[in-house]
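Morning, everyone. I have one model to walk through today. Let's put it on the screen.

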Amino acid sequence: MNIALHDLTSLKRVPGGPRSSFHTRIGGTSGFQPLAVIATVLCVVLFGLPQILAVERPNILLIVSEDNGPEIGCYGEPFVKTPVLDQLAAEGVRFHNAYVPQAGCSQSRAALLTGLYPHQNGQIGLATWKFRMYHQEPPNLVRSLKQSGYRTGIIGKLHVNPEAAFPFDVHEIPKANFNRRKLGDYAKRAEEFISASDRSFFLSVNYPDAHRPFIRQARGLPKYPLSGADVKPLAYFGLDTPQLRQDTADYYNCMSRLDSLIGDLLDVLQRSGKADNTIVVYMGDHGADLLRGKRTSYEGGVRVPLMIRWPDNAASDLVRQELVSTLDLMPTLLEVAGTQPVTGLPGRSLLPLLQAPSPDNAVPAWRRYLFTEYHLHSAHNFFPQRTVRDERYKLIQNLMPGQTNPGYGFTLMRFFSGLPDAIESAPKYIRSSYHRMQTPPEYELYDLHSDPYEFHDLATDTDHLDMLAELQKELAAWRRQTNDPLLDPGNLLKLKVEIDACMTEGAADKSRLTLSYPEYFFAP
Ligand SMILES: [Ca+2]
């Protein structure tokens, strides 16, 4: 049994949840430790110690990368080289169907840290564009862990508004660092934080890869960059041109660099001697900034890699197919820490999924439907959507049907000038999928088994009317249950007017943007 010294003040703040801090290796088979409690009480009674003994709680290392979907070797991506993440998956549990609730940086990160959908916490657009949470002090992962005695640190960007809502003890490299400067500092700062104390820690390390610009090589990484001749474009583009091959190669180069840097971080953890009592979570914040990826509700936007390694408590080399969300991480990590859960969250703990199914460990009844959403990114691409998927089918509801999605033109502009011609000369079903993205109908329905890249809309297919109706019903129920403010058409219109007011000659002007939705979304 691992024993560590905790100071009395930190222990006093531990809420008495259903799993107290007097657990070893919470999860798995370990349970309440009466001997530890008795030993602690005896120490205080007999010796009046200013410090008391407490059982060491697991450390939490949360690794978040930027703008990448599961384009990783262990997820079946054929050309990318990611040996570290492949090894991490082999040593832990890999979630094959993991999602973020919205494909944008601030939106995904605020949701991760609050356990709430963007429409529930208010961070519906980028923090750098003045979008903000409804409340200054929402319950969140950082506050809960800190209050229960954890040291809390973040390395890399936070990118939520207001940042003070997440009172990390330590914040290093606070900028996004898209220029990839001093990449060795991520591991160095982590080493300093991890070795600073024996108290249990929660450390979030946030890397700039694979955000644009897709820098081919930085700090000599990757050592052998791929070129366009080495790869094929991502399958969800549905297009193949030399430029898209080069873009894909450079995206993979970013992924390989990320992989190396995570390797340095895991080495630091190993050298600290704390790896055996540390749960490591790795996730991407949302899909790649590529066609039909980031800023969309397609799989390329919302599906992310998610892996968990936890020695002695999680299985190794286990792949789970359940539908999971990064909203599940807050309940999971609070349970790992033995901290009082926050009630009313939409996510649920992933701990039951960390063990391989066996006669003694039946697969729990898991969620049947998973939901995501979209609002906007900065201020020029407001096009709200809601989605639901089950094991096979996915429904997208466009809340401004028949209108041109401004995000479409923006995404196309980020690529080479010949892209519109490439789309128009593609096979009809590919062409149609791009036209549909540009001017979507109210509903899009996809069969993710036969059509994983969402090229064939089945919403008007007479053979799928029952499925369409079922998912429409589930989506409507979820919107009601989670108090979706955009169920009120007046809210949608008012927000659109506020956003449109900052447009000057087709471009968004941040200085002219005034947002008051936190005041009126839920006004009586
Ligand atoms: Ca991002």
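Start with the fold as a whole. Contacts here mean C-beta atoms, placed from the backbone, within 7 Å. Of the contacts in the protein with a separation of 6 or more, 68% are between residues 24 or more positions apart. The protein has 524 residues, and 49% of them count as buried. Buried means 20 or more other C-beta atoms within 10 Å of the residue's own; 12 or fewer is exposed, and in between is partly exposed.

Now the ground rules. This is a predicted model: local features need pLDDT of at least 70, side-chain atom pairs count only at pLDDT 80 or more, and totals for chains, interfaces and linings use all residues. Numbering runs from 1 along each chain as its sequence is written.

Confidence next. pLDDT is the predictor's confidence in each residue, from 0 to 100. The protein averages 90, and 90% of the residues score at least 70. Over residues 1-54, though, the pLDDT is below 50; that stretch has 90 contacts in the model beyond near neighbours in sequence. Where pLDDT is low, the predicted coordinates should not be read in detail.

Secondary structure: 16 helices and 16 strands. These are DSSP runs numbered from the N terminus, with helices (H or I) of at least four residues and strands (E) of at least two.

On to the sheet. It is open, it has 8 strands, and the order is β6-β5-β7-β3-β8-β9-β4-β10, with mixed pairing. Two strands pair if DSSP finds at least two bridges between them. The edges are β6 (170-172) and β10 (318-325), each pairing on one side only. Neighbouring strands are turned by 15 degrees against each other on average, direction ignored. Angles here run from 0 to 180 degrees between N-to-C directions, and axes are lines fitted to C-alpha atoms, for helices over the stretch in contact.

At the β6 edge, β5 (residues 151-155) runs parallel to β6, joined by 3 bridges. I155 sits opposite E172 there.

Which strands does helix α8 touch? Helix α8 (residues 242-271) packs on the sheet against β3 (59-65), β7 (201-206) and β8 (278-284), and its direction makes about 170 degrees with that of β3.

Helix α3 (residues 83-90) packs against α8 at about 55 degrees, axes 7 Å apart. So α3 is oblique to α8. Oblique is what remains after under 35 degrees (roughly parallel), over 145 (roughly antiparallel) and 65 to 115 (roughly perpendicular). P83, V84 and L85 of α3 meet D259, S260, I262, G263 and L266 of α8.

Next, β9 (residues 303-309). Why call it largely enclosed by the rest of the structure? Because 7 of its 7 residues are buried. R303, P305, M307 and R309 point one way; V304, L306 and I308 point the other way. In a regular strand the side chains alternate between the two faces of the sheet.

Both partners of β9 run antiparallel to it: β4 (residues 93-99) through 5 bridges, and β8 through 4. On the β4 side, Y99 stands opposite R303. On the β8 side, V280 has R309 as its bridge partner.

Last stop, G284 in strand β8. G284 counts as buried because it has 28 C-beta neighbours inside 10 Å. Leaving aside neighbours within four places in sequence, G284 contacts S65, N68, G69, V304 and P305. T326 is 42 residues from G284 along the chain, and their C-alpha atoms are separated by 9.6 Å.

Notes
Two residues are in contact if their C-beta atoms, placed from the backbone, lie within 7 Å.
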